[in-house]
Amino acid sequence: RFGVNEVVAGRSAEWISSTALACVAPVSVSGPGIVGVEVSVNDGADFTADGKQFLYEVGATVEALRPSTGVNGESGQVVTVLGRHFEQTGELSCRFGMSGHVRGLYMTSTMVACSAPASGAGTVAVTVTFN
């Protein structure tokens, strides 16, 4: 359970071992902030009370790319990603489409630079992540 009411079950929670559990955090209905995380092994009748916490952060939003086009098949073209809520972390990265994952260079909370991987002709979605 994330917070008071956001219960994860079924395919979103997986028993790994007697000391490990994998969960997919649900979308926060209350926005960014810290929530308690507790576990139930009896279908929600009882939950742990260990006080473990999970932090929901504001997600990065990509608003524009400069330049917004590149040369077909050429890698290393620097793309400046403009948006909001970028964070300076050791795992900052940009994803070009489904497979082009590259390290990002933090410039400001609204600007990240990335070297685009080589790609064929066509349009790809660009996203920024911190983890």
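Ser93 counts as buried, because its relative accessibility is 5%. This comes from a predicted model, so treat everything below as computed from that model. Ser93 lies in strand 7, which covers residues 93-96. Leaving aside residues up to four places away in sequence, what does Ser93 touch? One group of contacts is His101, Val102, Arg103 and Gly104, and another is Thr127, Val128 and Thr129.

**The sheet around it**

Strand 7 belongs to an open sheet of six strands, in the order 5-6-9-8-7-10, with antiparallel pairing. The edges are taken by strand 5 (61-66) and strand 10 (126-129), each of which pairs on one side only. Going from one strand to the next, the twist averages 35 degrees.

Further along that order, strand 6 (residues 77-84) and strand 9 (residues 111-116) run antiparallel and are joined by six bridges. If you want a spot to click on, try Val79: its bridge partner in strand 9 is Cys114. As a general reminder, strands of a sheet pair through backbone hydrogen bonds, parallel or antiparallel.

**A hairpin at the start of the chain**

Strand 1 (13-17) and strand 2 (residues 20-23) also pair in the antiparallel sense, here over four bridges. The hairpin that joins strand 1 to strand 2 does it through two residues. Ser17 has Ala20 as its bridge partner in strand 2.

**Aromatic rings**

How many aromatic pairs does the count come to? Two, and here they are side by side:

| Pair | Centre to centre | Angle between planes | Geometry |
|---|---|---|---|
| Phe2 and Phe54 | 5.4 Å | 90 degrees | edge-to-face |
| Phe54 and Tyr56 | 5.0 Å | 80 degrees | edge-to-face |

Phe54 turns up in the pair with Phe2 and again in the pair with Tyr56, and Phe2, Phe54 and Tyr56 form one aromatic cluster. Why does the pair of Phe2 and Phe54 tie together parts that are 52 residues apart in sequence? Because Phe2 lies in the segment before strand 1, while Phe54 is in strand 4 (residues 52-56).

Buried or partly exposed: which is it for each ring residue in the cluster? Phe2 has 5% relative accessibility, so Phe2 counts as buried. Tyr56 is at 10%, so Tyr56 counts as buried too. Phe54 comes in at 30% and therefore counts as partly exposed.

There is one more ring to look at, and this time the partner is a charge. The charged end of Arg1 sits over the ring of Phe47, 3.9 Å from the ring centre.

**The chain as a whole**

Zoom out, and the secondary structure comes to zero helices and 10 strands. Read from the N terminus on, the elements are β-β-β-β-β-β-β-β-β-β.

What radius of gyration does the chain have, and what would a compact globule of 131 residues have? The chain has 19 Å, whereas the globule would be near 14 Å. The C-alpha trace spans about 60 × 25 × 25 Å along its principal axes. Of the 131 residues, 21% count as buried, and Ser93 is one of the residues that count as buried.

Contacts can be split by separation along the sequence, too. Among those between residues at least 6 apart, 49% join residues at least 24 apart.

Conventions
Residues numbered from 1 in each chain as written. Predicted model: local features only at pLDDT ≥ 70, side-chain atom pairs only at ≥ 80, totals over all residues. Heavy atoms only, no water. Pairing = 2+ DSSP bridges. Axes fitted to C-alpha atoms, helices over the stretch in contact; angles between N-to-C directions. Phe/Tyr/Trp six-rings, centres within 6.5 Å; stacked < 30°, edge-to-face > 60°. Buried < 20%, exposed > 50% of the residue type's maximum accessible area, 1.4 Å probe, protein only. Lys NZ or Arg CZ within 6 Å of the ring centre and 35° of its normal. Contact = heavy atoms within 4.5 Å. Rg over C-alpha atoms; globule rule 2.2 N^0.38 Å.
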